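Student: I'd like to learn how to read a protein model with two chains. Can we go through one together?
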2 protein chains.
Amino acid sequence: MRFCPSCGAAVELRRPEGDDRDRHVCTACGTVHYHNPKIVVGSVCTLGDRLLLCRRAIPPRAGFWTIPAGYLELGETAEEGARREAWEEARARIEIQGLLAVYSVKRIDQVQLLYRARLLDENVAPGPESLEVRLVGWSEIPWDSLAFPTVDWILRRALELRGLPWPQAVASNPEERQPEPIPGEGAI
Amino acid sequence: MRFCPSCGAAVELRRPEGDDRDRHVCTACGTVHYHNPKIVVGSVCTLGDRLLLCRRAIPPRAGFWTIPAGYLELGETAEEGARREAWEEARARIEIQGLLAVYSVKRIDQVQLLYRARLLDENVAPGPESLEVRLVGWSEIPWDSLAFPTVDWILRRALELRGLPWPQAVASNPEERQPEPIPGEGAI
């Protein structure tokens with residue numbers, strides 16, 4: 001960041017009063033611009049004994065296999081984002097069953113929320129970011145052709161838990177409610 | 001956003017080719033600027049039969065009670081962020097035990113990752129954003145003076161699970177490793 005998104009003047013890196021790290025601060029309007037990690041949401045989607053994999057059509061790692069996943073957008077819950085990504089990348093309709101893993105990838109400032117989900121039917125098809133999509137058996141996972149380390153991690157995790165009673169210890173919003181508004185909310 | 005953080009020219013809201021929603025796009029350099037939800041990390045910290053609460057010194061909801069929580073910073077794992085917030089707000093040293101809840105607050109574009117944690121000792125003290133901090137019994141939670149709805153949700157959740165064997169179904173990074181670098185990574 002070199003210029004203030006609010007007023008267009010130059011920004012400088014400096015430590016605001018009371019802060020413990022440098023921030024981009026506008027030299028004209030004084031606005032402090034914070035940068036934070038982004039959330040990736042994705043799902044291991046199963047139908048009976050098969051799971052859904054997508055072959056990437058776009059860089060990075062075009063041609064390699066992944067699960068439907070992508071950046072959470074504004075105005076979505078994490079589960080809504082995971083359902084949207086399953087549709088966008090594999091034209092898959094899914095029911096989220098619970099959270100499997102939270103992986104933090106510091107180097108690229110991502111936190112990945114990866115869910116277990118059930119495909120509602122076997123009608124899947126590649127979306128614009130996939131070359132092909134497949135429902136594969138657990139013994140057919142192309143371990144040497146996976147797109148990202150966290151895809152390897154989550155598939156091993158899902159494989160470990162396959163067939164086990166799976167305790168869902170992590171709560172999500174109660175009854176998918178949104179919390180009541182609070183005056184001045186947005187900071188915590 | 002009115003100006004491009006990269007080059008300082010005006011941005012406009014338009015739909016980039018292949019995208020399905022409007023983005024801020026620079027009218028001069030063409031950079032697409034994405035905006036995404038932010039991650040809040042926090043912990044329900046216990047020591048024996050007591051839990052840690054902080055009374056907020058700053059708006060919103062100054063004077064009301066909360067758990068140590070705040071925005072995840074660049075370069076942190078979610079667990080590191082939760083430990084930092086416990087230190088900043090309550091001078092508490094904690095050990096993260098597992099994830100209790102993931103709450104999505106769409107209105108303010110937050111996803112909150114709230115952990116269960118153990119206080120390593122009872123030496124706690126208010127940090128600059130707290131008026132006071134207290135170790136309270138479960139029957140002493142000030143339900144009518146909590147700062148945010150999600151604080152109410154998570155304390156009810158922790159209360160429900162208190163004393164129960166608590167299945168930790170959600171994985172984090174295996175052995176706190178960081179995944180191996182991937183050329184061109186940063187998109188998924």
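Tutor: Sure, and we'll begin with the word "contact", which means heavy atoms within 4.5 Å. Here, 78 residues of chain A are in contact with 78 residues of chain B. Before going on, know that this is a predicted model, where local features need pLDDT of at least 70, side-chain atom pairs count only at pLDDT 80 or more, and totals for chains, interfaces and linings use all residues. Residues are numbered from 1 along each chain as its sequence is written, chains are lettered from A and ligands numbered from 1 in the order in which they are written, and side-chain values use heavy atoms, with hydrogens and water left out.

Student: How much area do chain A and chain B bury between them?

Tutor: Buried area is the accessible area (1.4 Å probe) that two parts lose on being put together, summed over both. For chain A and chain B that comes to about 6,900 Å², with 58% of it on carbon and sulfur atoms.

Student: Which elements of chain A supply at least two residues each to the side that touches chain B, once we've counted the polar contacts?

Tutor: Count first. A polar contact is a pair of N or O atoms within 3.5 Å; within protein, one must be able to donate a hydrogen and the other to accept it, and residues adjacent in sequence count only if both atoms are side-chain atoms. The rule finds 32 residue pairs in polar contact across the interface of chain A and chain B (both at pLDDT 80 or more). As for the elements of chain A, β4 (38-47), β7 (69-71), α1 (78-90), β8 (94-105), β9 (110-119) and α2 (149-161) each supply at least two residues to the side that touches chain B. The most comes from β8(A), with seven residues. Those names follow a rule: helices (H or I, at least four residues) and strands (E, at least two) are DSSP runs, numbered from the N terminus.

Student: And how do the residues on that side of chain A divide?

Tutor: Into 41 nonpolar, 17 polar and 20 charged. Ala, Val, Leu, Ile, Met, Phe, Trp, Tyr, Cys and Pro count as nonpolar, Asp, Glu, Lys and Arg as charged, and the others, Gly among them, as polar.

Student: How many salt bridges are there between chain A and chain B?

Tutor: The general idea is that side chains of opposite charge can pair when their charged atoms come close. The rule asks for a side-chain nitrogen of Lys or Arg within 4 Å of a carboxyl oxygen of Asp or Glu. Between chain A and chain B the count is six, and over all chains the structure holds 34. One salt bridge joins Arg23(A) and Glu73(B), at 2.6 Å from N to O. Arg23(A) sits in strand β2 (residues 23-26) of chain A, while Glu73(B) is in the loop between β7 (69-71) and α1 (78-90) of chain B.

Student: What about the fold of chain A: how many helices and strands?

Tutor: Two helices and ten strands. From the N terminus on, the order is β-β-β-β-β-β-β-α-β-β-β-α. The C-alpha trace of chain A spans about 60 × 40 × 25 Å along its principal axes.

Student: Where should I look for unusual backbone geometry?

Tutor: Most residues other than glycine have a negative phi, and most peptide bonds are trans. In chain A, a cis peptide bond joins Pro59(A) and Pro60(A), with omega about -10°. Pro60(A) is in the loop between β5 (50-56) and β6 (65-66) of chain A. Arg61(A) also belongs to the loop between β5 and β6, and its phi is positive, near 65°. In chain B, the bond from Pro59(B) to Pro60(B) is cis too, with omega near -5°.
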